[in-house]
Amino acid sequence: MATMVGTQSNFEDALYELCELDYDAAEAYEAAINRVDKTEYKEKLKEFKEDHQRHIEEIRSFLRKRDAKIPEGPSAKSILTQGKVVVANLFGDDSILKAMSSNEEDTNTAYERVNNHPEKSTEAEDFLRQGLEDEKKHKEWLDSMTQEHKQEEENDDEECNEHEEHKNEPHSWKEGEVRDESIERSPWKEDEGYNRNEGEEPKNQIGDEDPRRRDPTKWVV
Ligand SMILES: [Fe+2]
């Protein structure tokens, strides 16, 4: 669901909602930090959470100077569709990063709107421009990580397909390879002295009993 944050005609109202969105985002990052496994991801997500916390302080400070209403936390109803509750129940780093990327679509849209707001104050110019840069950076990193995961999955699939294609081919021993006598043992192929009955098909299955033990009379001495 696309966010409505930043569409408010009054600039201070738009900033109030933007601040609530930043609160939501910071909480979703906290949930994500607790859920991801990879340390590298944890570190990056912590950095992004701190950006959102800084945005909150900057917006609150601006609204305070103007004696405007200041949010004390996230709105009662989560603005983000992939908020902290959703993220806290996700499994796997990839799913979590994708959910956070989806959230960053909303934060990017909201920051673009307030940056282009017709009533934008010049005093808000710097921190809102920096805020938009931060949001772009967050989304770019999250998307690059999910793209990497996708590439790794495709490479794994290719390897599996290759293995599937060659699995029925006879094994050829490579130089230096340790030969396992338990596989590919075929008494019919190797024992040239054995006389098969007319019309009898060779059995080349692994584990076939040695025919000499079965019927020694068939051996040519
Ligand atoms: Fe962000």
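# A tour of helix α1 and its neighbours

Select α1 to begin: 19 of its 25 residues are buried, so the helix is largely enclosed by the rest of the structure. A residue counts as buried if 20 or more other C-beta atoms lie within 10 Å of its own, as exposed if 12 or fewer do, and as partly exposed in between, with C-beta atoms placed from the backbone. The model is a predicted one, in which local features need pLDDT of at least 70 and side-chain atom pairs count only at pLDDT 80 or more, whereas totals for chains, interfaces and linings use all residues. Residues are numbered from 1 along each chain as its sequence is written.

**The whole chain.** Display the protein chain by secondary structure: seven helices and zero strands appear, in the order α-α-α-α-α-α-α from the N terminus. These elements are DSSP runs numbered from the N terminus, with helices being H or I over at least four residues and strands E over at least two. Of the 221 residues in the protein chain, 26% are buried. Among the contacts with a separation of 6 or more, 66% join residues 24 or more positions apart; a contact requires C-beta atoms, placed from the backbone, to lie within 7 Å.

**Helix α1.** Return to α1 and step from its first C-alpha to its last: the 25 residues reach 36 Å, close to the 36 Å expected at 1.5 Å a residue. The expected span is 1.5 Å times one less than the number of residues.

**α1 against α2.** Add residues 39-65, which form helix α2. The two helices pack at an angle of about 155 degrees, with their axes 9 Å apart. Axes are lines fitted to C-alpha atoms, for helices over the stretch in contact, and angles run from 0 to 180 degrees between N-to-C directions. α1 and α2 are therefore roughly antiparallel to each other, a term for angles over 145 degrees. Their crossing is left-handed, in that the near helix is turned anticlockwise from the far one by less than a right angle. The residues of this contact divide into 16 nonpolar, three polar and seven charged. Here Ala, Val, Leu, Ile, Met, Phe, Trp, Tyr, Cys and Pro count as nonpolar, Asp, Glu, Lys and Arg as charged, and the others, Gly among them, as polar.

**α1 against α4.** Replace α2 by α4 (residues 93-115), which packs on α1 (residues 11-35) at about 165 degrees, the axes being 11 Å apart. That makes α1 roughly antiparallel to α4. The crossing of α1 and α4 is left-handed. Among the residues to show at the contact are Leu18, Leu21 and Ala25 of α1 and Met100, Asn103 and Thr107 of α4. By class, this contact has eleven nonpolar, two polar and two charged residues.

**Helix α4 and Thr107.** Keep α4 alone: its 23 residues reach 32 Å from first C-alpha to last, close to the expected 33 Å. Its buried residues include Ile96, Glu104, Asp106 and Tyr111. Centre next on Thr107, found in α4 and buried, with 28 other C-beta atoms within 10 Å. Not counting residues up to four places away in sequence, Thr107 touches Leu21, Ala25 and Glu135. Gly131 is 24 residues from Thr107 in sequence and 9.5 Å away, C-alpha to C-alpha.

**Asp67.** Finally, select Asp67 in the loop between α2 and α3 (84-88). With 8 C-beta neighbours inside 10 Å, Asp67 counts as exposed. Most residues other than glycine have a negative phi. Phi of Asp67, however, is near 55 degrees, a positive value in a residue other than glycine.

How values were computed. Angles under 35 degrees count as roughly parallel, over 145 as roughly antiparallel, 65 to 115 as roughly perpendicular and the rest as oblique. Two residues are in contact if their C-beta atoms, placed from the backbone, lie within 7 Å.
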